[in-house]
Amino acid sequence: MSQPILVLAPLRDGEADAARAAIAALDEPFARVPGTHLARLQVLHPPPRRFRGRTRHYILLAADHDGPVEPWLAAAAAELAPALAHCAFWPGADDPAAVVSWARARELRAGFSVVGSPHASVQEVGEALALRERVAALAAQTTVLDAAGLQAAWRAW
């Protein structure tokens, strides 16, 4: 079952550009985090609010993933550490319990999921898509067959 997580973490002063560069340098990090359906990591600059004369930048981590959040966060932190290292109070990716605590303290409630099949795992979605491709290929190959040829293709499939 897909679960959303939304983390809004303030960046240390003056590190927004470095965080953007670190994000840009990541090579499809969420592809290496098992169970990830959808995910996004970006630097946000909210509308100007002054606090002690500064406008605060944030990193937004938003994801829909399979299973419990703790192992997912630990795996994501390992991949995203170069970008998350610019966040205030970042504990480092080496201590999964500290990462979970840090993320939970900055977590926002996600009101909905954008995953089209929220009760299916990433593996189940992948298997369904592969089956759809196989059915489409069979349909394309059999459009010119007579009834006997279609039956033989169906049996072979």
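Me: Two strands pair if DSSP finds at least two bridges between them. Helices (H or I, at least four residues) and strands (E, at least two) are DSSP runs, numbered from the N terminus. This is a predicted model: local features need pLDDT of at least 70, side-chain atom pairs count only at pLDDT 80 or more, and totals for chains, interfaces and linings use all residues. Residues are numbered from 1 along each chain as its sequence is written, and side-chain values use heavy atoms, without hydrogens and water. What is the order of the four strands in the open sheet?

Reply: Start with β1. Nine bridges join β1 to β3, and two bridges join β1 to β4 (residues 107-108). The pairing in the sheet is antiparallel, and the order is β2-β3-β1-β4.

Me: Which strands are the edge strands?

Reply: Read the ends of the order β2-β3-β1-β4. An edge strand pairs on one side only. That gives β2 and β4.

Me: Which residue of β4 is the bridge partner of V7?

Reply: Follow β1 from one neighbor to the other. On the β3 side, S2 stands opposite D66, and L8 has L60 as its bridge partner. In β4, the partner of V7 is E107.

Me: Which helix gives the most to the largest nonpolar core?

Reply: A nonpolar core is a set of buried Ala, Val, Leu, Ile, Met, Phe, Trp, Tyr and Cys residues joined through side-chain atoms within 4.5 Å. The largest one here has 30 residues, and L41, I59 and W72 are among those with the most contacts inside it. At least two of its residues come from each of β1 (2-10), α1 (16-25), β2 (36-44), β3 (58-66), α2 (69-84) and α3 (96-105). With eight residues, the top giver is α2.

Me: Which cysteine does I59 touch?

Reply: Contact means heavy atoms within 4.5 Å. Leave out residues up to four places away in sequence; I59 then touches, among others, V7, I23, L41 and L84. The cysteine in that group is C87.

Me: How many residues apart are R56 and D13?

Reply: A salt bridge puts a side-chain nitrogen of Lys or Arg within 4 Å of a carboxyl oxygen of Asp or Glu. R56 and D13 form one, with their closest N and O atoms 3.8 Å apart. R56 lies in the loop between β2 and β3, D13 in the loop between β1 and α1, and the separation in the chain is 43 residues.

Me: Which residues are linked with R104 in a network of salt bridges?

Reply: R104 bridges to E70, with 3.8 Å between the closest N and O atoms. R104 is in helix α3 and E70 in helix α2. R104 also meets E107, at 2.8 Å from N to O. So the network joins R104 with E70 and E107.

Me: Is L131 buried, partly exposed or exposed?

Reply: L131 lies in helix α4 (residues 122-141). With V135, W154 and W157, L131 makes a nonpolar surface patch of about 410 Å². Patches use residues with over 30% relative accessible area and no salt bridge, joining like charges within 9 Å and nonpolar side chains (Val, Leu, Ile, Met, Phe, Trp, Tyr) within 5 Å; areas come from the Shrake-Rupley method with a 1.4 Å probe, and for residues only the protein chains shown count as cover. Buried means under 20% relative accessible area, exposed over 50%, partly exposed in between (1.4 Å probe, protein chains only), so L131, at 41%, is partly exposed.
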